[in-house]
Each structure stands twice: as structure tokens, then as C-alpha cells.
Amino acid sequence: MLRVYNTLARKKEEFKTLEPNLVKMYVCGVTVYSDAHIGHAMFALVFDIVRRYLTYRGYDVRLVINYTDVDDKIINRANSLGVDASELAEKYINEFRRQIEVLNILPATVNPRATQEMPQIIRMIDGLIEKGFAYPAKNGDVYFRVTKDPDYGKLSGRRIEDMQAGARNEVGEEKEHPMDFALWKASKTGEPAWDSPWGQGRPGWHIECSAMNLSHLGEQIDIHGGGNDLVFPHHENEIAQTESYTGKPFARYWMHNGMLQLQGEKMSKSIGNLVTIDEFLSRHEADALRMMILNGSYRAPLSYSDDIVDAAERGLDRLRSGLKPAQPGATSTSTNVGTELDKQAETTQQTFIDAMDDDFNSSGGLAALFELVRSINTARDAGASNAQLKPAQDTLTELTSVLGLRLHEKKSSGGDADKFIALLVDIRTEMRKEKNWGISDLIRDRLKDLGVAIEDNKDGTTWHW
RNA sequence: GGCGUCGUGGCCAAGCGGCAAGGCAAGGGUCUGCAAAACCCUCAUCACGGGUUCAAAUCCCGUCGACGCCUCCA
């Protein structure tokens, strides 16, 4: 039985979908105004793992991830760069798409954008005004009336009275209540603007997600996800808008991933303590980032450091070791090594599912895989043949791919260099036959400096990058 | 100040009432010409103080500490 931690309930709950075998899932994406950092990759990876696992468990997953392509920061950045806001957004959307692909994150079913949903957004705001949940102000803004929503604050566990002290009321805003938030913002001259019944303007941040949910998934969805920094106010406001509009409970499960931290603080654009996705990928393989996340809990904060990346990379090497072929010349001589291994593979699969069923406990799932790796390696050492190893290795491959790991040979792209390395290895083999250890070791050491590892086995030498 | 999450070996981390998973690192061993890889062995009573219970890392209360949110934020 799959159980999911629901922020709304503050506990794990049995996972039941609205419709059999279909999961309607919405995840808040990024605001595209500058280079994405690995914290953004984290949310995408977390929900990719969730999505892959749900698929593995037999669900059809309809996943919607939006791009916020119009807001103050985009406009400001575009102005300071002297470019068009929509061009800027377009650029970063394309970059993020590319990065998502490199990170082996499956594409969402739909990636809606705020600017392409204007009719729906306006219709929704209009409906909220009609029902008395929103009001247009004199300056052309439209605000949501929080006092009209009896359970406002239920997701973040806040009460309106407690929050008033910190509420911000900017100059020029004409709110009835300090906690009211903007559904529509009147545009100043030179800003991107759309026509609306309340004049030229653009949507507030929260309403776009509500509107996209409505148009792409319907009034009620199964899972709504995002970073835990979005719980308040973003998700709180989304609930308020959508439920006030439809009169129905919005998302069944609210899932939030923890923040990626650097030097003890949340990695964020505003603090400036960030590592961009491209920077990370220039130095590490894509799977390393995923591995870091899998090793922990998606809900807990993750501290980024070289040690963590290192451990993740070694862990990947270890998983890969299970996929190595049988010893050269091994024929299935061993008696019941094969059946023992098959049994272990079955156990592993069950343990893996049990762990992942418990709110996507990936570190538990990983532990099961490491045990399978050990069993495979032990069997190989005992002389198992490729045919005997295969079923267990297939299981390993299947389950790692459920987690989205590819276990590729590291930088296999030596290109032309590969041929020459093979040549050196051949020469070294001859040297070794003549017990010329000096030259043999020199070749091995020099290749190691170049990033090529050599391993001598009973019946030959293998190498890899 | 308010709301919330959390504090497990050198590091990361699972566990959610019944003798503390797993990975990395470290030490010892097998294998090897030497290595590497692989395999075997070793390595914690769970922030602190009370309480509940036959039994607590796991439940309750308190203290200390960390982080997130309360303003744009994955």
C-alpha cells in the first residue's frame, strides 16, 4: 500500500486516486528570468522520481508543470538587459528544457505558461469577483478577499490574525485587508499587459497555477507538488482561489520537497549562494545529483557539499559494479549460485517496493539495491556465468531506472582515444607477460592520471574511463 | 514574535513502541607481481533533562540547537 506524506494533514496517508489508475499531478515550476540552479533541479528530480515510481506501480500519470513567464522579476531583468521580457523568458525556458533532458527528467505531459492562459485566468478572476471572493480596486488591481474564505490558512497552519503583523502593504495598493493578495495587477506604462475587464494588466502569481490546474487537470487533482518554500503564501493562496471558485476540495495530497542548502542556508537567487545546473554538470555526471537526492529524504533539507557529491559518485560506481559481466571464461559450473541469486533479486524487488511505498523512501530503496549488488558480485566471484547473473542484473537495471538512474558507463566518449588506450593496454599486457613491471606500472599510472582505470583480472585486463 | 520541519556512528542517512538498514570514509584480511576492482571482518544506544510503558531513537512535557516560512523564491 502506497502512503504519501500530505502537508495538508501533516502526516502520511494512504494514497487513493480520484479516478482508478489515473494520477492527476501538478507541480509548480520555475519563474524564468535567470540561470536555473541545482535547487531548481532538485524539485524537478524529486517529482520525476515520484512520477516514475507511480508509473512503475501501474498508474497513468498526467503531469503538469508550469512556467511562470511573466512577473516583476522577469520584467526588471529584461529592462536592465534591454531586451524584451518575452524573449528573456523564452530563452530561459529553452535552457531549462535542455537541462531537464540532460538530467534524465521525463518531460511533463504539459508545460503551460502564464502568458498562454490569459482567457482562463481572466475567466477565473471574473468568477471569483462574481461570487464575492474578490474585488477590483480603484487602481486597476484585483484582490482576493481572504476574510471571505473561512479556512484560509489551513495548509500552512496560520491564522489571519497571526499574520497581520508581518503583512506587507505596499504604497499604492488599495486592499480591504492587509492579507488580501493580488489576482490581477494593473500595468504601468512600458510593462507587458493584457486586456481585461479591469483594464490593462497582468495576472498575479498565484492565480496562474489555479487557472492552469483547472484547464489542464480539472477542478480536483490528486497531487500538488512544489518546494516547501511555496507552502505559504503561494499554495495557500492557490487553495483559497480554486476552492472558492469551484466549491470543491482542490488537491488531495500536497507534497513538498525540502530545500537544497549551501553553507547552511537555502540556495537561492536572492542570497546569491548558488551553483547553477550547468556548473554542476560541467564537473559531474547528471546521475550524481539524482543520487544525492535519492540517498536522503525528499522532504528534508539537503546540504550541498563536495563530500556529498563525492559520496554520490562513489555510490553510483558501486551500483555499476553490479552490472559488470561474469569473469572471463566463467561457465555456469556453480551449483545453486544462480537460484540463490534469483531469490535475492525477488527479495530485493519486494524490499524496494516496501520502502518506496512508504512515502517514496528512496534511501531505503537504495539500500535494497546495494544488497542486490553485493549478491551479484559475490555470485560473480564464485564463478557465476553471464546467464546466471542476468536475471538479477535485469532487476537491478529495472529498479535503478525506476529511480531514473541510468548507470551509464562514465564518460564513455573517449572517441578516437579509445582505440589508442586499447593499444596501450595491449602493449602493457605483453609487458606483463615478460614480467616487465616497470613499464606495465608506468602505463597504468599514466593512464590513471588521464582518468583511465585499469583492472587486471585472472583472464585479462579491462579498462574504463 | 508567530507557524512548521528537524537533531541517529568521522560524513550522508533509514527507522515512527519490541534487541540501531544502507552508502561514503577508516582499519584489518582474501585475491594480485604490485595495484585496482570485488568479497569477508571491525566501527553508534539515537542533542540534553524529565515522564508514560513490561518495553522508547521511536509516545508526552520541558530545555538547547539547526533549518524553512511569515516579503519574490523549487
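The following dialogue reads the domain interface and the RNA-facing surface of this predicted model.

Colleague: Into which domains is chain A divided?

Modeller: Chain A is split into domain 1 (3-283), domain 2 (314-402) and domain 3 (417-464). The centres of domain 1 and domain 2, taken over C-alpha atoms, lie 41 Å apart. Each side of their contact is made of 12 residues: 12 residues from domain 1 and 12 residues from domain 2.

Colleague: How should one read the area that domain 1 and domain 2 bury between them?

Modeller: Interface size is often expressed as the accessible area lost when the parts come together. Here domain 1 and domain 2 bury about 1100 Å² between them, with 57% of it on carbon and sulfur atoms. On the domain 1 side, Arg3, Tyr53 and Tyr56 lose the most area to domain 2, and together they account for 53% of what that side buries.

Colleague: How many salt bridges and polar contacts link domain 1 and domain 2?

Modeller: A salt bridge requires the side-chain nitrogen and the carboxyl oxygen to lie within 4 Å. By that rule there are 2 salt bridges between domain 1 and domain 2. In the model, the side chains of arginine 57 and aspartate 357 form a salt bridge at 2.6 Å, N to O. For polar contacts, 9 residue pairs are found across the interface of domain 1 and domain 2, both residues being at pLDDT 80 or more.

Colleague: Which elements supply the side of domain 1 that touches domain 2?

Modeller: At least two residues each come from β1 (3-6) and α1 (38-56). Helix α1 provides the largest share of that side, 6 residues. By class, the side of domain 1 that touches domain 2 holds 8 nonpolar and 4 charged residues, with no polar ones.

Colleague: Turning to the RNA, which residues come nearest to strand B?

Modeller: There are 61 residues around RNA strand B, of which Lys73, Trp205, Gly227, Leu230 and Arg314 come nearest. By class, this surface has 14 nonpolar, 26 polar and 21 charged residues. Helix α12 (residues 362-381) gives the largest share, 9 residues.

Colleague: What parts of RNA strand B lie within 4 Å of the protein?

Modeller: Of the strand atoms within 4 Å of the protein, 69% belong to sugar or phosphate, and the rest to bases. A polar side-chain atom of serine 363 lies 3.3 Å from a sugar or linking oxygen of RNA strand B. As for the bases, an N or O atom in the side chain of arginine 432 is 3.2 Å from a base oxygen, and a polar backbone atom of aspartate 456 is 2.9 Å from a base nitrogen.

Conventions. Residues are numbered from 1 along each chain as its sequence is written. Chains are lettered from A and ligands numbered from 1 in the order in which they are written. This is a predicted model: local features need pLDDT of at least 70, side-chain atom pairs count only at pLDDT 80 or more; totals for chains, interfaces and linings use all residues. Side-chain values use heavy atoms; hydrogens and water are left out. Domain bounds come from an automatic or database domain assignment. Contact means heavy atoms within 4.5 Å. Buried area is the accessible area (1.4 Å probe) that two parts lose on being put together, summed over both. A polar contact is a pair of N or O atoms within 3.5 Å; within protein, one must be able to donate a hydrogen and the other to accept it, and residues adjacent in sequence count only if both atoms are side-chain atoms. Helices (H or I, at least four residues) and strands (E, at least two) are DSSP runs, numbered from the N terminus. Ala, Val, Leu, Ile, Met, Phe, Trp, Tyr, Cys and Pro count as nonpolar, Asp, Glu, Lys and Arg as charged, and the others, Gly among them, as polar. A residue is near a molecule or strand if one of its heavy atoms lies within 4 Å of it.
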